Amino acid sequence: MTPNEITEKIITKLQTIPLDKQKQILDYIDSIVEESLLTLEKSQSSPKKRVLGLHQGKIWMSDDFNDPLPDDFWNFDK
């Protein structure tokens, strides 16, 4: 279904309901648009600063991490 088809269906259905209910729907749509704009503004704002040392001591790295790997590690034929 294309966006135009969806819009047409919404308009057709809106025309069948009472005016006071249409006003409620309009208010709801306005709140969704406002929320979407706020979310968009937050995502486009400057990125959060990193906190140095936040997870200090939570991970460890082997002492031989940077040592060369043995030759048999690279032998994929076995």
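In the predicted model, Asp27 forms a salt bridge with Lys23, in which the closest N and O atoms lie 2.7 Å apart. The two residues are 4 positions apart in helix α2, and Asp27 and Lys23 are therefore separated by about one helical turn. Neither partner reaches the exposed class, which begins over 50% relative accessible area: Asp27, with a relative accessible area of 38%, is partly exposed, and Lys23 counts as partly exposed because its relative accessibility is 47%. The count of salt bridges in the protein, with the criterion of a side-chain nitrogen of Lys or Arg within 4 Å of a carboxyl oxygen of Asp or Glu, comes to 1. As regards charge as a whole, the protein has 10 positive and 14 negative side chains, and the centres of these two sets are 9 Å apart.

The secondary structure comprises 2 helices and 0 strands. Helix α2 spans residues 19-44 and includes Leu40, and Glu41 is likewise placed in helix α2. These two residues fall into separate accessibility classes: Leu40 counts as partly exposed because its relative accessibility is 42%, whereas Glu41, at 52% relative accessibility, counts as exposed. Leu40 also belongs to a nonpolar patch on the surface, which is formed together with Ile25, Tyr28, Ile29, Ile32, Val33 and Leu37 and has about 610 Å² of accessible area in total. Because membership of such a patch requires over 30% relative accessible area, the 42% computed for Leu40 is consistent with its inclusion.

With respect to overall dimensions, the radius of gyration of the protein is 29 Å, whereas a compact globule of 78 residues would have a value near 12 Å. Taken along the principal axes, the box filled by the C-alpha atoms is roughly 75 × 40 × 20 Å. A separation within the chain is given by Glu41 and Pro70, which are 29 residues apart along the chain and whose C-alpha atoms are separated by 51 Å.

The accessibility of the model was also evaluated over the whole chain. Of the 78 residues of the protein, 0% count as buried, the buried class being defined by a relative accessible area under 20%. The area exposed by the protein is about 8,500 Å², of which carbon and sulfur atoms supply 59%.

Technical notes. Residues numbered from 1 in each chain as written. Predicted model: local features only at pLDDT ≥ 70, side-chain atom pairs only at ≥ 80, totals over all residues. Heavy atoms only, no water. Patch = residues over 30% accessible without salt bridge, like charges linked within 9 Å, V, L, I, M, F, W, Y side chains within 5 Å. Areas by Shrake-Rupley, 256 points an atom, 1.4 Å probe, with all protein chains shown as cover. Buried < 20%, exposed > 50% of the residue type's maximum accessible area, 1.4 Å probe, protein only. Rg over C-alpha atoms; globule rule 2.2 N^0.38 Å. Lys, Arg positive; Asp, Glu negative; His and termini not counted. Charge placed at Lys NZ, Arg CZ, Asp CG, Glu CD.
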